[in-house]
Amino acid sequence: MRSTLKASGLALTAALAASSAFAQDSSLSGDLKIFLDTSNPAPRATMEAMIERFGEMHPDLNIETTVIDREAYKTQIRNFLTADAPDVATWYAANRMRPYVEAGLFEDVSDLWAEPAIAENLASTKSAMTIDGKQWGVPYTYYQWGVYYRKDLYDQFGLTEPATFDEMKSNCQTLLDNGVKCYTIGTKFLWTAGGWFDYLNLRTHGYDFHMEMAAGEVPWTDDRVRQTFANWRELIDMGAYVDNHQNYSWQEALPFMVNGDAAAYLMGNFAVAPLREAGLSDDQLDFYQFPAINPDVALAEDAPTDTFHIPSNATNKDAARAFLRFVVSAEEQSIINNGENLGQLPVNASASIDDDKFLEQGFAMLSSNSPGGVAQFFDRDFPAEMAAEAMQGFQEFMVIPDNLDDILARLEQVRERVYK
Amino acid sequence: MTVTALPDTDPPKRGWYRRNEIAVTPWLFLAPAILFFSVYVIIPIFQSFSISLYDWDGLGEADYIGLGNYAELMNDRAFEVSLWNNLKWLVCYLLAIPAGLFIALFLNQTVTGIRIYKSLFFFPFVLSQVVVGLVFAWFYLPNEGLLSNMLALVGLGPVNVLGDPKLATYGIILAGLWPQTAYCMILYLTGLNAVDPEQVEAARLDGAKGWRMLWYVIIPQLKPATFIAFVVTIIGALRSFDLISIMTNGGPFGQTRVLSFYMFEKALSEYGFRMGYGAAIAVVLFLIMLIFIAYFLWSMYREEKGGH
């Protein structure tokens, strides 16, 4: 008798909880455990302030935030998703979330995406959050990739932003003749080379081909892939990249650009902050879209998206859903992505973009000049194992281009195993 | 009728523990060590063996593939490179032993402030490996680094030690030798304290000096120190992980990986999570270590027997 009473009581609370979630009121209670990988000082402060605002709206909710070092998070997530799951966790979109989706560790949040507030405003990132026709989380920020360059150096040598591969090469030749390297890069941690491959491949063969490769449908020894590498080799043989890039991290490659030893950097928008801190003014620093290589191919861009997910083992999923709604709301998106906070692009179409020339250019580029599509990034679009081997091959290719046949044969072996 | 004093057939009651005290007590004292050693060392070894037979990403279902991982290792060039690098580490790292011995001989004298010199020589061993790695990485920097500048003074071009796939491993080993030499030095310094002065005196009367004195009189007496130095150096060479991680991260293009680093990359790093494959590498590393472990155990056993 007692137990039936108890059970019906539980059912009642569950029903209440469900209805309150729909009403989006402030009656959320219990604990909400949030795990963040935003360990750098600025993003950390942004996230903590945002969670505080959420907490003020829900005074009965006891929010517990844990910030984990960004690199350590990448391995710890496997443990905490299975053992001691939080209610909300940060992660990355596209293929990077696939292992957890397939292992059933992320909650299907398609219901959130069906709500008009999200369906109408977040359409641009929906495909990146979709696996098997369902959505597994929400994005909270994304940023453009492109070429950041020293405008003052370009002006000094009479160069303009290139629109074609030929202009890109002739600009580069002028710079080299004047003792300035065209591009800085640090490939010690490999992924920076992945950015170059992404763009060269997207510009040579287009978004659809790139995604076929990511899905493992194109052999690495295919002639079209070789064409991409042949274009890359033209730059390498010119000496376009700084020497000894295999020794540097991406941060250690920044001084070349700050000192004027190199004129440009193919990077994500996060490179702007350290370049500004190093003393480059907005008059010296500018941005252009990676130039077209094959004029018949629609331009496509890399724009990595960072995301929030609800682990399947979460205990307070109603509060977690409310938090996800809150994060993607136009108001919060405007705040957390502005120049004082993350300094990136809001995912909500109704949010306002901060008055920053790089964000404005990036937003314009992604919304109107990227007809081919938007990719995530090499190591998020390709399966982890393929990406790791391939990026190592890219580094080797950039240092010893003659090893290409060997590298491609090796990558083909890996492809056959990874996508079996 | 005489009552013979029969031995008491019913001795005073003694507990089971009291009766077996001598046999049981050592095991009681050993129990915590045995428990933790088996839970954290012995059982994981067998678990590694069994995981190495599966294809498993650590999250989903594990597929039994028999010796598939080992078959793949046979054709894996990155594994081959790691194995050779491990060998380079083992051979080159042993240089720390003679180097440590000579520094110890050099410092084994009574001069004012010798303790300070000894501490200074021992200093690198106190530093964290991470710091050693960073300092050497800066030292090797292709343009700004001290090494390139010093070479420029004598008219030699800049070398990019850590960026050159042929040199990088030796560059890291050299960084590792710095603290390891200090460690061997301290072992030999304590060993030299135990050298019997009478034997040295006797040898001197017989006219031994210089290299002959060292080889026939001093070094035999330093045998225990040499043994320990050998053990710690071999172990140090096989667990050379932090220096590689800090200085090159396994690069350029994987040419400085050793087995432990490769195992970490395959099983636990950002792009890894092939638990079975990582376990197979761990098993190979374990078998290599087993050769040395067996040798150490055997020589310790022989030593103990000789002592009786």
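**Chain B: surroundings of S82, helix packing and overall form**

Outside its neighbours within four places in sequence, S82(B) is in contact with R257(B), V258(B), L259(B) and Y262(B). The model is a predicted one. S82(B) belongs to helix α4 of chain B. The residue counts as buried because 26 other C-beta atoms lie within 10 Å, and the cut-off for burial is 20 or more. L214(B) was also placed relative to this residue. S82(B) and L214(B) are separated by 132 residues in sequence and by 38 Å in space, C-alpha to C-alpha.

Helix α4 of chain B covers residues 77-93 and packs against helix α9, residues 168-193 of the same chain. Their axes are 10 Å apart, at an angle of about 40°. The crossing of α4(B) past α9(B) is right-handed. On the α4(B) side, the contact involves N85(B), K88(B), W89(B), C92(B) and Y93(B). From α9(B) come T169(B), I173(B), G176(B), L177(B) and Q180(B). By class, this contact comprises 5 nonpolar, 4 polar and 1 charged residues.

Transmembrane annotation was then compared with the model. An unreviewed UniProt entry gives the feature "transmembrane region" at residues 22-46, 87-108, 120-141, 167-192, 213-238 and 277-298 of chain B. Two of these spans were examined. Residues 87-108 of chain B are 86% helix and 0% strand, and their end C-alpha atoms lie 33 Å apart. For residues 213-238 of chain B, the helix content is 96% and the strand content 0%. The end C-alpha atoms of residues 213-238 lie 34 Å apart.

At the level of the whole chain, the secondary structure of chain B consists of 15 helices and 2 strands. The radius of gyration of chain B is 27 Å, whereas a compact globule of 308 residues would have a value near 19 Å. Along the principal axes, the C-alpha atoms of chain B fill a box of roughly 115 × 75 × 30 Å. Of the 308 residues of chain B, 31% count as buried. Contacts in chain B were also sorted by sequence separation. Among those between residues at least 6 apart in sequence, 67% join residues at least 24 apart.

Chain B also meets chain A. The contact involves 16 residues of chain B and 19 residues of chain A. On the chain B side, 7 of the residues are nonpolar, 7 polar and 2 charged.

Technical notes: Residues are numbered from 1 along each chain as its sequence is written. Chains are lettered from A and ligands numbered from 1 in the order in which they are written. This is a predicted model: local features need pLDDT of at least 70, side-chain atom pairs count only at pLDDT 80 or more; totals for chains, interfaces and linings use all residues. Two residues are in contact if their C-beta atoms, placed from the backbone, lie within 7 Å. Ala, Val, Leu, Ile, Met, Phe, Trp, Tyr, Cys and Pro count as nonpolar, Asp, Glu, Lys and Arg as charged, and the others, Gly among them, as polar. UniProt positions are given in the numbering used here, feature names are shortened, and annotations may be inferred rather than shown by experiment. Helices (H or I, at least four residues) and strands (E, at least two) are DSSP runs, numbered from the N terminus. Axes are lines fitted to C-alpha atoms, for helices over the stretch in contact, and angles run from 0 to 180 degrees between N-to-C directions. A crossing is left-handed if the near helix is turned anticlockwise from the far one by less than a right angle, and right-handed if clockwise. The radius of gyration is taken over C-alpha atoms; the globule rule is 2.2 Å times the number of residues to the power 0.38. A residue is buried if 20 or more other C-beta atoms lie within 10 Å of its own, exposed if 12 or fewer, and partly exposed in between; C-beta atoms are placed from the backbone.
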